[in-house]
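Some terms for protein structure sound like labels until you ask what stands behind them. Here are a few such questions, each with its answer.

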Amino acid sequence: KTKLPVVSIVACLVPEMGIGFQGNLPWRLSKEMKYFRQVTSSTFDPAKKNAVIMGRKTWESIPARFRPLPNRINVVISRSFTDTLQEANDLTDPYFKINSLSGCIDELTTKMTKDLERIYIIGGGEIYNECYNMADYWLITKLTPVDTVEPEMDTFLNTKTLKQVFEEDKTHLSEFLPEGVELPEKSEDGCYHAQEKGYSF
Ligand code: NDP
């Protein structure tokens, strides 16, 4: 039985692995945002879409006019939602509201293989730090401030866990992504950034 690949995608500032500040991104990097949009929207099979799974706080951090994220199946996780995926068939809703991260990944990866290509886990901190044993791959943009001061941050990846599950594999990133996804220039707004792909094991 096929299982869809689960890919966590994150931009973090090294070495602290900071990812957020006061409910938003600590930086504004338009090329990095474009890369995120292209990766999560693109598919090898034009008949399929990707799903993006996010925590309730990350959903709320997206301005209302930009959500749900277009051309992707949006899934929002909150303990206060009542639905499991099986019950979430109210098609008037533009996104799925699910109350369990692991349950949701199980259901999506095994029952929606006809329509979906990949499951992208798009944050935030709580979700990333819970999904280590569920993600098959990590796509990490490592940011290093070069000629700008380090932004303030209050949300971090759990580096200890990440080191245990993450093995860098730079060579295959372009093959892992559908044609047309551009790797952004390395430097933007005083930040150096590098895209990397890693396997979870
Ligand atoms: P999250 O976005 O991870 O959302 C947390 C919420 O998700 C919880 O409060 C809970 O919702 C729900 N939740 C978490 N785990 C589960 C579970 N197992 N089952 C059911 N519901 C669950 O919040 P964070 O504050 O950790 O992260 C947000 C920050 O991360 C922001 O600053 C954002 O900008 C940043 N971010 C950064 C990214 C990057 O690449 N740099 C990407 C995405 C976000 P409830 O309380 O409703 O029960």
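Q: What makes β3 and β6 count as paired strands?
A: Pairing takes at least two bridges. In this predicted model, β3 and β6 have four bridges and run in the parallel sense. Therefore they count as paired. Two of the partnerships can be named: V52 has Y120 as its bridge partner in β6, and I53 has I121.

Q: How do you know that β3 also pairs with β4?
A: The same kind of count applies. Five bridges join β3 to β4, and these strands run parallel. At least two are needed, so the pair qualifies. Here I53 stands opposite V75 in β4.

Q: How do you know that β1 pairs with β6?
A: Three bridges link β1 to β6, which covers residues 116–121, in the parallel sense. The cut-off is at least two bridges, so β1 and β6 pair. V6 has I119 as its bridge partner in β6.

Q: Why is β3 called largely enclosed?
A: A residue is buried if 20 or more other C-beta atoms lie within 10 Å of its own. Six of the seven residues of β3 are buried, so the rest of the structure largely encloses this strand.

Q: Why is the unit of β3, α2 and β4 called right-handed?
A: Point the strands away from the viewer and follow the path from the first strand over the helix to the second. A clockwise path is called right-handed. β3, α2 and β4 make a right-handed β-α-β unit, so their path runs clockwise.

Q: What makes up the largest nonpolar core?
A: The largest nonpolar core has 40 residues. C12, I53, V75 and I119 have the most contacts inside it. Elements that each supply at least two of its residues include α1 (30–41), β5 (96–98) and α3 (101–111). β1 gives the most, with seven residues. In soluble globular proteins, nonpolar side chains tend to be buried together.

Q: Which residues is C12 in contact with, leaving aside its neighbours within four places in sequence?
A: C12 is in contact with M17, G18, I19, I140, K142, L143 and L157. Contact means C-beta atoms within 7 Å, so each of these residues meets that limit with C12.

Q: What makes up the shell around the ligand?
A: The shell has 10 nonpolar, 14 polar and five charged residues. Gly counts as polar. The closest residues are G20, G55, G123, G124 and G125, so these five fall in the polar class. Among the elements that each supply at least two shell residues are β2 (18–20), α2 (56–61) and α4 (125–130).

Terms used: Residues numbered from 1 in each chain as written. Predicted model: local features only at pLDDT ≥ 70, side-chain atom pairs only at ≥ 80, totals over all residues. Near = placed C-beta within 6 Å. Core = buried A, V, L, I, M, F, W, Y, C linked by C-beta atoms within 7 Å. Buried ≥ 20, exposed ≤ 12 C-beta atoms within 10 Å, placed from the backbone. Contact = placed C-beta atoms within 7 Å.
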